[in-house]
Structures are given as structure tokens and as C-alpha cells.
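Colleague: Could you take a close look at one part for me, the second largest pocket? I would like to hear what lines it and how it is defined.

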Amino acid sequence: MEKYRVTPGATLRLADLDPADTGGIDKATAKAETKTLNRRLESQQELLYAEGKHKVLIVLQAMDAAGKDGTIRHVFDRVNPQGVKVASFKKPTSKELSHDYLWRVHEHTPATGEITIFNRSHYEDVLIVRVLGLVPEDRWQRRYGHIRAFEQLLADEGTTIRKFYLNISKEEQRARLQARLDDPSKHWKFDVGDLDQRKLWDDYMAAYETAMSETSTEDAPWYVIPAEHKWYRNLVISRILVDTFDRLNMAFPEQTEDLSGIVVE
Ligand code: ATP
Ligand code: MG
């Protein structure tokens, strides 16, 4: 899955990557493998909590309708709901805006034994903020450095970080938004404001390219996930996460008491 990782220091060009890539696997095989990986994630989460040594942060970023919610639902399908936290970052409140942009983010980072998913994140502060010009350029330009330092701090203090950009084409977004309009039971998901952001598609792509090029590091890598086929998206993210947990070499803690001979009456 390393082919989807944004190499630290390299300049990313989204136009070179195929959002409809399926890695040559078919849907049925992919779904079966994802099911197996879902179960492995379930035990890995239990082990993470039991061991109480590591913290895991997953960052999800994408354009509207690219499938952030579906990803969370499918990849963590089997995981104990008590074992994962989701922090969703919306438009900042006036209180949040009166602080620095990382202020509201830090408190949601995972504690020891926890997995936290950021559904949107501090990256909005170099994405929508840059595209809409919500702060002057000299301010957002400095944020890439802050973000690298912030994530390095988290990593140095024991947080494993994986960041995923769900890559869909502009045409796929059109089709998904139109499908929401065509199905009254999906109208609640339709946000007219998404159409304004859609008009700025190219600016967003440029902002994503810079953000990922500037902040994909050894300890906090970005992955560009081909996301047009949901089953492949789920498979790739599941594989990356299971592999990440494997590398933590976790073990259940040793029982310090001698339990031999104890019988529960
Ligand atoms: P969904 O539409 O599936 O419910 P969502 O993540 O799109 O999920 P919304 O409430 O529709 O949630 O959108 C959140 C909006 O808040 C997005 O347009 C996002 O760009 C914006 N946002 C998030 N963080 C910031 C920020 N720091 N500054 C300005 N806007 C932000
Ligand atoms: Mg939305």
C-alpha cells in the first residue's frame, strides 16, 4: 500500500493519480478481505486499549461526498464503539476563532490506549481557509510549518499518525451529489453550500496538493486513497491501518499477581 503514500519531500500532483484505481482486485475479493481485516482491527483495538502504551490518530480529509462518513462506518464496522472516538471539525465558532487555529484541535487528540478519527481537521485551516482567503496568505503560508511541528510533537509523545485523503474526480462528485438530489431519502445529506465549494474545485486541488506535499512526513504520512470504488477505498484504508497496528508490536500486559490456584467461588 506504500504506493499510495505521499513521499516526504516530494511534490504531489493529484492529476497523476487515478481515483478509480482498483489495484487489479475484484469487488467480491476486496469485500471478503476487508471483512477479515475488520475483525483484525477489532482485536488490535482491544490490544491497544489493554496494553495502554500507544495513541493512534487517523486524519480523514476529502471533498464533499467523497465518503468520509462511509469510510468510518465500514472500516470500523467491527470495532468496539467504546474504543474509537470521532472528532468532527466544522466551521469554527467565534470562541474558537478568537484562539489560534490549533487550540480547538489539541484537546481532541487521542490519549494513551485510544484511537481518534479526525473527520476533517486542522488541515481545513490551510484548505478552505486558503481557498476562500479567510486569513491573509502570509498567515496560512506559515501554517504548514506549524502543522509539521504540531504533528511531530504528537508523534514524539507516542502518537501514531496516519492521514488519508479520499481521492475522487470532479465528475464523480457531480454524480454523487446528483444522486442525492434524485433520491428524496438522501435530501437531508444535500447541502446547497457544497455547490459553492464545488465551483472552486481546482483551487481546492491546488490547496490539497500543497498541504500534502508540505506535511507528509515519516511520522505523519499522507496517503492518497483511490476512493471512487468504495469497496477499494475501504480495503486500502483497512490494509494500511492493520499494518500500522501490526508494526506497534503490541502485547497484552503481564499479570503481576500469581493467578494460579485461584478459583472464583
Ligand atoms: P457532512 O456534509 O457529510 O455532514 P462535513 O464534514 O461536510 O460532513 P459540514 O457541516 O457539511 O460537515 O461542513 C463543515 C464545513 O466546515 C466544511 O465546509 C469545512 O470546510 C468547514 N470548516 C471546517 N473547519 C474549518 C475551519 N477551520 N475554517 C473554516 N471552515 C471550516
Ligand atoms: Mg458537508
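Modeller: Here is a walk around that pocket, with the conventions along the way. This is a predicted model, where local features need pLDDT of at least 70, side-chain atom pairs count only at pLDDT 80 or more, and totals for chains, interfaces and linings use all residues. Residues are numbered from 1 along each chain as its sequence is written, chains are lettered from A and ligands numbered from 1 in the order in which they are written, and side-chain values use heavy atoms, with hydrogens and water left out.

A pocket is an open set of points on a 1 Å grid over the protein atoms alone, where a 1.4 Å probe fits, with protein on both sides within 12 Å along at least five of seven lines. This one has a volume of about 230 Å³, the volume being the space filled by probe spheres set on the points, which are joined across faces, edges and corners.

Its lining (residues with an atom within 4 Å of a point) consists of A30, K31, T34, K35, N38, R39, H74, D77, R78, W231 and N234. Helix α1 (27–51) and helix α10 (230–247) each supply at least two of these residues; helices are DSSP runs of H or I, at least four residues, numbered from the N terminus. The most comes from α1, with 6 residues.

By character, the lining splits into 5 charged, 4 polar and 2 nonpolar residues. Here Asp, Glu, Lys and Arg count as charged, Ala, Val, Leu, Ile, Met, Phe, Trp, Tyr, Cys and Pro as nonpolar, and the others, Gly among them, as polar.

Away from the pocket, H122 sits in the loop between β3 (115–119) and α5, and a polar contact of 2.9 Å joins its side chain to that of E151; such a contact is a pair of N or O atoms within 3.5 Å, one able to donate a hydrogen and the other to accept it, and residues adjacent in sequence count only if both atoms are side-chain atoms.

Conventions: Helix = DSSP H or I, 4+ residues; strand = E, 2+ residues; numbered from the N terminus.
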